[in-house]
Amino acid sequence: MTVTIVGSQLGDEGKGGIVDLWGDAADVVVRYQGGDNAGHTVVEGGTEYKLSLVPSGAVRGKVGVLGNGCVVNPATLFEEIDDLRERGLDPDVRVARRAHVIFPYHRVLDGIEEEAKSESDQEVGTTGRGIGPTYEDKVGRRGVRVGDLVDPERLREKLEYVVPQKRALAEDVFGVDIGEEFDVASLYEEYRRYGERLREERMTVDAGPFLADRLDAGDEVMFEGAQGTLIDVDHGNYPYVTSSNPTAGGAATGTGLGPGVVGGGEVVGIVKAYLTRVGSGPMPTELGGVVGDTPGYDEQGEGDDEELATYVREEGGEYGTVTGRPRRVGWLDLPMLRHSTRVNGFTGLAVNHVDVLAGLDEVQVGHSYDLDGEELFTVPATTERWGDCEPNFRTFDGWEDVDWSAVAETGYDAIPENAREYLGYVSDQLDVPIYAVGVGPNREESVVLEDPFE
Ligand code: IMP
């Protein structure tokens, strides 16, 4: 069977930890979209692994697959694999031949466009990894795929076609001086070598048939979504989105398996008990703000909201895994989660970071929005309208800080009563059962109510 793990909010919900928690039962862990813009932290036996491309399951000795829906930076891929090897692991990573390749010029163009947009305050706040420009080339039918890397002649041909266009874009449209990131000969040399290594290590696969065979053989397959529903290019708050589909449908198109395969399994929504956001865009339940990211927030503010945001940010370690940027912080947003539940068809939820909120007198939740005098229970389709939404809050009594490891050992009933009330409210509102509650960063610090593979 399959279990699909999807971020229900804006990314950074703690998906990696959940993949790791249930990954034991999985034989294969597959990423179906995104690239090295993701930041997955996995803690194993006190050792922390920060991965941005290699599927988290690799830490546990599973087969990790990067599906065709991914964009792959081979430099990052091999760096992560080599680092894991140095730390005594032996990751088995396969890469779809249909996946697209990120080149240095994609990264440069990502930065150039963000810079240009920033002149009119329109920047997205991307991770600068070249994700958007690579997907642009994919859809524009000029992308280089992993399958081309292992075919040097084809690689050269494609680079000779595409690189002059990129060079012209940088120089003539944006007026930027460019470097060897746009040089066909050196790109060819570097990427041909990546292709050689991919071939030597037998890493490339045709993802669809590969996975179908594994399923036929009775293997358990986990799809590991990166980013989150509200930064999905279709279902998120466009244009403040990533350029792929982190939502559950992406697990089918991004791997080469049918939607029935994904829908026939479990789809678990990962929820952070509050909300964080990296980059720009609306966030109706935001507390305080982050200068440079929160729209219209030009100067560091003061007051209770700001203090609360700082408290949660510090307690939760809410700094970007990839970029180190402070994340924007806010209360849980139920209209967002209702939207997410519909888009993804969640069959279960994992609510993380419940321990981070411990010790607060009260905890709030954005229950619905007010928009032009109307009460909304889900997210409006345009980002501008979403930005106009005012949250209607519900207030819950806070819960005490406890020995969370002991709670994890004892089970759900050991979670403080007020926290259980909060969790019950979320589950009732979404009409989805809670499968797990994260009460600390380690794998052991999760309360499991239901194992989706059983
Ligand atoms: P990109 O994916 O680098 O193009 O960035 C597009 C938007 O998605 C920006 O707002 C990023 O901050 C956001 N984003 C991309 N990856 C992640 C992630 O793993 N967690 C949270 N936000 C992300």
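In this predicted model, an oxygen atom of the ligand sits 2.6 Å from an N or O atom in the side chain of Thr242, which counts as a polar contact (a pair of N or O atoms within 3.5 Å). Asp12 joins in too, with a side-chain N or O atom 3.1 Å from a nitrogen atom of the ligand. Val278 uses its backbone instead, placing an N or O atom 3.2 Å from an oxygen atom of the ligand. On its own the ligand exposes 470 Å², and the protein buries 96% of that (areas come from the Shrake-Rupley method with a 1.4 Å probe).

Altogether, 15 residues surround the ligand, and Asp12, Asn37, Thr127, Thr242 and Val278 come nearest; a residue is near if one of its heavy atoms lies within 4 Å. Sorted by class, that shell has seven nonpolar, seven polar and one charged residues. Here Ala, Val, Leu, Ile, Met, Phe, Trp, Tyr, Cys and Pro count as nonpolar, Asp, Glu, Lys and Arg as charged, and the others, Gly among them, as polar.

Next come the pockets. The second largest one holds about 230 Å³ of space, and its lining splits into four nonpolar, four polar and four charged residues. Among the lining residues are Asp121, Glu123, Tyr240 and Ser280, along with Val291 and Gly292.

As for cysteines, the structure holds zero disulfides (pairs of cysteine sulfur atoms within 2.5 Å). Cys70 is buried, at a relative accessible area of 1%, and Cys389 is buried as well, at 4%; buried means under 20% with a 1.4 Å probe, counting protein chains only.

Residues are numbered from 1 along each chain as its sequence is written. Local features need pLDDT of at least 70 and side-chain atom pairs count only at pLDDT 80 or more, while totals for chains, interfaces and linings use all residues, and side-chain values use heavy atoms, leaving out hydrogens and water.

How values were computed: Buried means under 20% relative accessible area, exposed over 50%, partly exposed in between (1.4 Å probe, protein chains only). On a 1 Å grid over the protein atoms alone, a cavity is a set of points where a 1.4 Å probe fits but cannot get out, and a pocket is an open set with protein on both sides within 12 Å along at least five of seven lines; lining residues have an atom within 4 Å of a point. Grid points are joined across faces, edges and corners, and a volume is the space filled by probe spheres set on the points. A polar contact is a pair of N or O atoms within 3.5 Å; within protein, one must be able to donate a hydrogen and the other to accept it, and residues adjacent in sequence count only if both atoms are side-chain atoms.
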